[in-house]
Amino acid sequence: MRIAIIDTSTTRAAIISDGLREAGLDDIVVIDGTLGMVAALEKAAPEVVLINLENPSRDVLEEFFAVSRALARPIAMFVDQSDAESTNAAVDAGVSAYIVDGLAKQRIKPVIDLAIRRFQAFARLQAELHEARSALADRTTVDRAKAILMKRRGIDEPTAYGLLRAQAMRSNRRIAEIADAIITSDVLMGDL
């Protein structure tokens, strides 16, 4: 597993690197947190990112949060001090583990494990949300198409659904696709 360490202090980066190596993680890339960070991250293509900020200002935190939103990877951020607003911003930006005043070699591996698990759990939730929204949109589309068929053909709802299902099977398409075509056709044809 490739891990990128972003830190402006070579001493702190060395502590993190030592902790990772002691935990058996050797594929490490150290990135200076001040110069070309996004390009360096893209080039390194890490699976996990560790960010260590000694005493970050609001502007520095915002820059790192923008990077974390764009990465779509597990991110663990170590800071020496924080407040509720910064913690909330970190969570909103997708930081998987936000550790305040907790940089110690022996804690790095467990923090990485936590960040990975939280990232995976969040990704699963996002996928489930996307599926649920898609299913709801499909259901709404099918309901609209059934209403059009019921009105145009003077049939009941089960019969309208049966027509949609039969056409979907004949054309090897999803029912929602057939329903969308009916809605589009109805919009184009109007009340003929």
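The lining of the second largest pocket is a mix: seven of its residues are nonpolar, four are charged and two are polar. The model is a predicted one, and in it this pocket encloses about 220 Å³ of space. Altogether 13 residues line the second largest pocket, and those nearest its centre are Ile148, Leu149, Arg152, Arg153 and Ile182. Three helices each give two or more residues to this lining, namely H5 (105-153), H6 (157-171) and H7 (175-189). H7 puts in the largest share, with five residues.

Next comes the nonpolar interior. As a general matter, nonpolar side chains in soluble globular proteins tend to be buried together. Here, the largest nonpolar core is made up of 19 residues. Within this core, the residues with the most contacts are Ile6, Leu41, Val49, Ile51, Phe64, Met77 and Val95. Both strands and helices feed into the core: strands E1 (3-7), E3 (48-53) and E4 (75-79) each give two or more residues, and so do helices H2 (37-44) and H3 (58-71). H3 is the top contributor, handing over four residues.

Ile51 offers a good look at how this core is put together. Leaving aside residues up to four places away in sequence, Ile51 touches Ile6 and Phe64, along with a run of neighbours made up of Ile75, Ala76, Met77 and Phe78. Apart from this core there is a second one, separate from it and built from 18 residues, with Ile3, Ile28, Ile108 and Val111 among them.

Two loop residues deserve a word for their backbone angles. Ala45 sits in the loop between H2 and E3, and its phi is near 50°, which is a positive value in a residue other than glycine. With a relative accessible area of 43%, Ala45 is partly exposed, because that figure falls between the 20% limit for buried and the 50% limit for exposed.

The other case is Asn172, which is found in the loop between H6 and H7. Asn172 is not a glycine either, yet its phi is positive, at about 55°. Its relative accessibility is 73%, so Asn172 counts as exposed, the cut-off being over 50%. The loop that holds Asn172 thus joins two of the helices that help line the second largest pocket, H6 and H7.

Methods
Residues numbered from 1 in each chain as written. Predicted model: local features only at pLDDT ≥ 70, side-chain atom pairs only at ≥ 80, totals over all residues. Heavy atoms only, no water. Core = buried A, V, L, I, M, F, W, Y, C linked by side-chain atoms within 4.5 Å. Buried < 20%, exposed > 50% of the residue type's maximum accessible area, 1.4 Å probe, protein only. Contact = heavy atoms within 4.5 Å. 1 Å grid on protein atoms, 1.4 Å probe; cavity = no way out; pocket = protein on both sides within 12 Å on 5 of 7 lines; lining within 4 Å. Points joined across faces, edges and corners; volume = space filled by probe spheres on them. Nonpolar A, V, L, I, M, F, W, Y, C, P; charged D, E, K, R; others polar.
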